[in-house]
Every structure is written in C-alpha cells, then in structure tokens.
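Reader: I've got a structure open next to its sequence, and I'd like to learn how to read it feature by feature. Please start with one spot and work outwards.

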Amino acid sequence: MTAVLNVLRDLHRIHQQLADIRGQLERCPKLVKTAKAKVQQSEASLHAQKQQIQTLHLAAKEQELVLEERAAKIADRQARLKECASNKEYQTLKGEIQTEEEANNELSDTILLAYEAIDQQQLLASELETNVVEATQVYDTTATQISEREASLKIDLDRVETELNSTEVDLPSEFVSEYKRIVTARGADALAGVSDNCCGNCYRQITAQMMNDVLTGKLTICGSCGAILYPDD
Ligand SMILES: [Zn+2]
C-alpha cells in the first residue's frame, strides 16, 4: 500500500519536472526569436533614417543646382549691362539682377539650414547604428546562452524521462490503463495529492470514503478534476 502511494507521489513529482523542463525548452526559441526581432527592428530604423538623410541630401543638391543656375543668369545679365542701349534697359536689368541676388541669398540660407538639419539627422543615424551593434551583441550572447541551456535541458529531460519509465514499472497493474489515459490527456495534472481531505489540483473536498480509498492505496479519481489521488502527507 505504502509502495503504491510512494509510486504515485514520485510519478506526480516526475511529471511536474517534465512539464517544467518542457516549458523551459519551449521558451528557449522564443527568447532567441525576440532577440532577433530586436536586431531586425533596429536595422529597419537605421535603414529608414539613412533613406531620410538621402532624401534630404537630394533636396539640398537640387536647391544648390537652382542656386548655380540663378548665379549663371546673374553673371549673364551683369555682362549684358555693358551692352545696354538705353538707361531704361540698364535699370531693368539692374532690377532683375537685384531680385535674383536676393532670391539666391535666401536660398543660400535655406541650403545652409538644410545641411545643418542633415548633420542632426546624421547624429541620430549614428545612435541608431549603435543600437544595431548593441542589439546584435545581445542576440549573439542570447543565442549562445540559449543553445547551452537547451543542451543542458535536453540532458535533464532524458534523465527525468528515464526516471519516469523506471518508476512507471512499479505502478500496480490495476492503475496502468487509467494512469496512461489520464496522463496522456492531462500531463502533470493527471495526479493530485490530497491534503486536509481536499484535492491538491482542484481544491474540491473529497468524501470520507474516498479518503479511505486513497489511504489504502486504491485507485481513486477526483470526481471534480479527474486526477488520480494520493495522500500528500
Ligand atoms: Zn480534483
């Protein structure tokens, strides 16, 4: 009788250990995936930032082109000043030159501001580059640690599975089919210790008759949660 109860208690502990190890093994790839996602996010941010800088550069270059074209026009008009036939024509050209010079002065300021903005964006890009480097380092470390952890968990899993097989052999034959059925369906919750007349799994109270059966090592199943019961203390 005591032997049966000890086997049930051991089996419950072993199933809980197995569930714990399997849970940890399941989390391992998720941790690596999360670290990888952070690398990809930081790379995407950096890429977007570089594209934005490129757009700003192109816009500044276009403005510089306008500036140069206008400067050429001004030079052209200044050459024509000497060939003016009338004072009126001279004044008109002078006026046009002044307008274009003012426009170019304004554009020069705009271009200067645009390059200052680009410098600011470059600083941000440097920060984003650092983020990529850091995220990659975290990923590398995580991948190494997780792979070591997985290897160690697999060794634990093998050991506990072997222990399960050798313990299941000790289960009395009348328990075997129900035990297999319930374990397949419920894993570690297939067994529950009874404490203070309550099922340790669902906390429902069991009858005095059931408690008696549990204590005498009869196959007893919780009417509420369906676990095989054993005395917890
Ligand atoms: Zn129960």
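Author: Let's start at Asp196, which sits in the loop between strand 1 and strand 2. Strands here are DSSP runs of E with at least two residues, helices are runs of H or I with at least four, and both are numbered from the N terminus. Bear in mind that this is a predicted model, where local features need pLDDT of at least 70 and side-chain atom pairs count only at pLDDT 80 or more, while totals for chains, interfaces and linings use all residues. Residues are numbered from 1 along each chain as its sequence is written, and side-chain values use heavy atoms, with hydrogens and water left out.

Reader: What is the phi of Asp196?

Author: Asp196 has a positive phi of about 50°, although it is not a glycine. The residue belongs to the hairpin of strand 1 and strand 2, which has two residues between the strands. Asn197 is in that loop too, and its phi is also positive, near 65°, again in a residue other than glycine.

Reader: Is Asp196 buried or exposed?

Author: The general idea is a cut-off on relative accessible area: buried is under 20%, exposed is over 50%, and partly exposed is in between, with a 1.4 Å probe and protein chains only. Asp196 counts as exposed because its relative accessibility is 68%. Asn197 is at 33%, so it counts as partly exposed.

Reader: Now the strands themselves. How do I read a sheet, and what is the strand order in this one?

Author: Two strands pair if DSSP finds at least two bridges between them. Here three strands form an open sheet in the order 2-1-3, with mixed pairing. Strand 2 (198-199) and strand 3 (228-231) are at the edges with a single partner strand each, which means one side of each has no neighbour in the sheet.

Reader: Which way do the pairs run, parallel or antiparallel?

Author: One of each. Strand 1 (residues 191-195) and strand 3 run parallel, joined by four bridges. To find that pairing on screen, look for Leu191, whose bridge partner in strand 3 is Ile228. Strand 1 and strand 2 run antiparallel, with two bridges between them. There, Val194 stands opposite Cys199 of strand 2.

Reader: How many residues of strand 1 are buried?

Author: Four of its five residues are, so strand 1 is largely enclosed by the rest of the structure.

Reader: Let's turn to the helices. How many are there?

Author: There are four helices, alongside the three strands. Along the sequence the pattern reads α-α-α-β-β-α-β. Helix 1 covers residues 2-81, and helix 2 covers residues 87-168.

Reader: Which residues does Gln63 touch?

Author: Contact just means heavy atoms within 4.5 Å. Leaving out residues up to four places away in sequence, Gln63 of helix 1 touches Leu107, Thr110 and Ile111. The C-alpha atoms of Gln63 and Asn104 are 9.9 Å apart, with these positions 41 residues apart along the chain. Gln63 is partly exposed because its relative accessible area is 25%.

Reader: And from the helix 2 side, what is Thr142 in contact with?

Author: Thr142, in helix 2, is in contact with Leu31, Val32 and Ala35, leaving aside neighbours within four places in sequence. At 16% relative accessibility, Thr142 counts as buried. Compare Ser173 in helix 3 (residues 173-186), which counts as exposed at 64%. The C-alpha atoms of Ser173 and Arg22 are separated by 28 Å, and the two are 151 residues apart along the chain.

Reader: Zooming out, what is the radius of gyration of the protein?

Author: That value is taken over C-alpha atoms, and the yardstick for a globule is 2.2 Å times the number of residues to the power 0.38. For 233 residues, a compact globule would come out near 17 Å, but this protein has 40 Å. The C-alpha trace spans about 125 × 35 × 25 Å along its principal axes. Of the 233 residues, 31% count as buried.

Reader: What share of the contacts is between residues 24 or more positions apart?

Author: Among contacts with a separation of 6 or more, those pairs account for 73%.
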